Amino acid sequence: LLAVAALAAALAVPGGASAHAVLVTSEPAPFAVLDAPPPEVVLRFNEPVGTVFASVRVLAADGTDVAAIRPSHGASRSTVVAPLDPLDVGTWVVVWRVTSADGHPVQGSFTFRVGADQPDLVPELSAYDSAEHGLSSLFNVIRGAVLAGLVVAVGGAWLLGRDPSSRAGARSTMLVRGGTVVAAVATLQALVAFGPHASGLKIYAARDLGLLADTLTTAFGRWQAVRLVALVAMAWLAWRLERRGERWWRGAWSVAAVVAVVS
């Protein structure tokens with residue numbers, strides 16, 4: 001009950017960050033007909049978004065890539081700006097991908113036209129809007145493993161701590177230790193897989209250490225690093241469960257567990 005209450009409180013803290021970012025307006029606007037090509041693409045969202053792994057692609061009517069831009073923030077962290085080279089007369093597709101405040105990548109697309117006598121490409125947009133990257137399912141598994149490991153480790157240690165004078169059984173000890181190890185390994189996997197996940201790449205791109213370095217510059221990456229340190233401390237304490245009746249052990253475990261859950 002204590003572990004579930006702590007997890008519920010931690011999940012309730014972010015508030016507005018629990019929902020994914022939504023595109024509110026854009027320049028050019030969807031289906032806009034322009035007399036001259038736009039100098040940039042401006043995307044405005046309903047909440048701050050991450051640009052470390054963001055991308056804006058411009059496609060021609062035949063689906064070929066014309067530009068792939070790594071955008072930056074505009075006037076605020078909820079605005080994304082991607083400068084464009086001059087475009088010819090024609091219909092163009094903008095495919096964008098950013099990271100929400102909760103760490104989930106979101107993507108979408110829209111068209112605009114330069115010149116009035118150009119065809120619309122509405123049917124072609126569904127492929128970009130509905131496409132879901134394969135790593136989304138993997139990330140759901142990783143998140144579930146982190147939460148399950150924390151529940152088992154924190155709840156198991158609390159139950160064993162109710163009677164610190166008794167000897168902890170082998171299975172109980174294994175569960176607490178196993179919970180910390182599972183949560184730590186899953187957190188490490190989240191750190192490694194987040195770069196490819198947010199960038200829309202395949203998992204083998206995780207070998208690129210540059211993606212890991214970029215992940216550590218994001219709020220998501222920094223919190224994963226904090227949790228990993230807390231879980232390493234919890235694992236060290238879990239291998240000293242026989243000391244759980246001592247004040248220093250209880251204090252150290254409580255601090256490490258709270259940090260791991262809140263992160």
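Asp65 forms a salt bridge with Arg57, and the closest N and O atoms of this pair lie 3.1 Å apart. The model in which this pair appears is predicted. Asp65 has a relative accessibility of 49% and therefore counts as partly exposed, the upper limit of that class being 50%. Arg57 is likewise partly exposed, with a relative accessible area of 29%.

The pair of Asp65 and Arg57 belongs to a set of four salt bridges that the structure holds. Side chains of opposite charge can pair when their charged atoms come close. Another of these contacts joins the side chains of Arg44 and Glu27, with an N to O distance of 3.0 Å. This salt bridge links distant parts of the chain, since Arg44 belongs to strand β3 (residues 40–45) and Glu27 to strand β1 (residues 23–27), the two residues being 17 residues apart. Arg44, at 32% relative accessibility, counts as partly exposed. Glu27, at 39% relative accessibility, also counts as partly exposed.

A further salt bridge brings together the side chains of Arg243 and Glu246, where the N to O distance is 2.6 Å. Arg243 has a relative accessibility of 34%, and so it counts as partly exposed. For Glu246 the corresponding value is 30%, which means that this residue too is partly exposed.

Attention now turns to the packing of two helices. Helix α6 spans residues 219–238 and helix α7 spans residues 247–262; they pack at an angle of about 150°, and their axes are 8 Å apart. Because an angle over 145 degrees counts as roughly antiparallel, α6 and α7 are roughly antiparallel to each other. The crossing of the two helices, α6 and α7, is left-handed.

The residues that form this contact can be named on each side. Helix α6 contributes Val226, Arg227, Ala230, Leu231, Ala233, Met234, Trp236, Leu237 and Ala238. Helix α7 meets them with Trp248, Trp249, Ala252, Trp253, Ala256, Ala257, Val259 and Ala260. By residue class, the contact of α6 with α7 comprises 16 nonpolar residues, no polar residue and one charged residue. The charged residue is Arg227 of α6, whereas the tryptophans at the contact, among them Trp236 in α6 and Trp248 in α7, count as nonpolar.

Terms used: Residues are numbered from 1 along each chain as its sequence is written. This is a predicted model: local features need pLDDT of at least 70, side-chain atom pairs count only at pLDDT 80 or more; totals for chains, interfaces and linings use all residues. Side-chain values use heavy atoms; hydrogens and water are left out. Axes are lines fitted to C-alpha atoms, for helices over the stretch in contact, and angles run from 0 to 180 degrees between N-to-C directions. Helices (H or I, at least four residues) and strands (E, at least two) are DSSP runs, numbered from the N terminus. Angles under 35 degrees count as roughly parallel, over 145 as roughly antiparallel, 65 to 115 as roughly perpendicular and the rest as oblique. A crossing is left-handed if the near helix is turned anticlockwise from the far one by less than a right angle, and right-handed if clockwise. Contact means heavy atoms within 4.5 Å. Buried means under 20% relative accessible area, exposed over 50%, partly exposed in between (1.4 Å probe, protein chains only).
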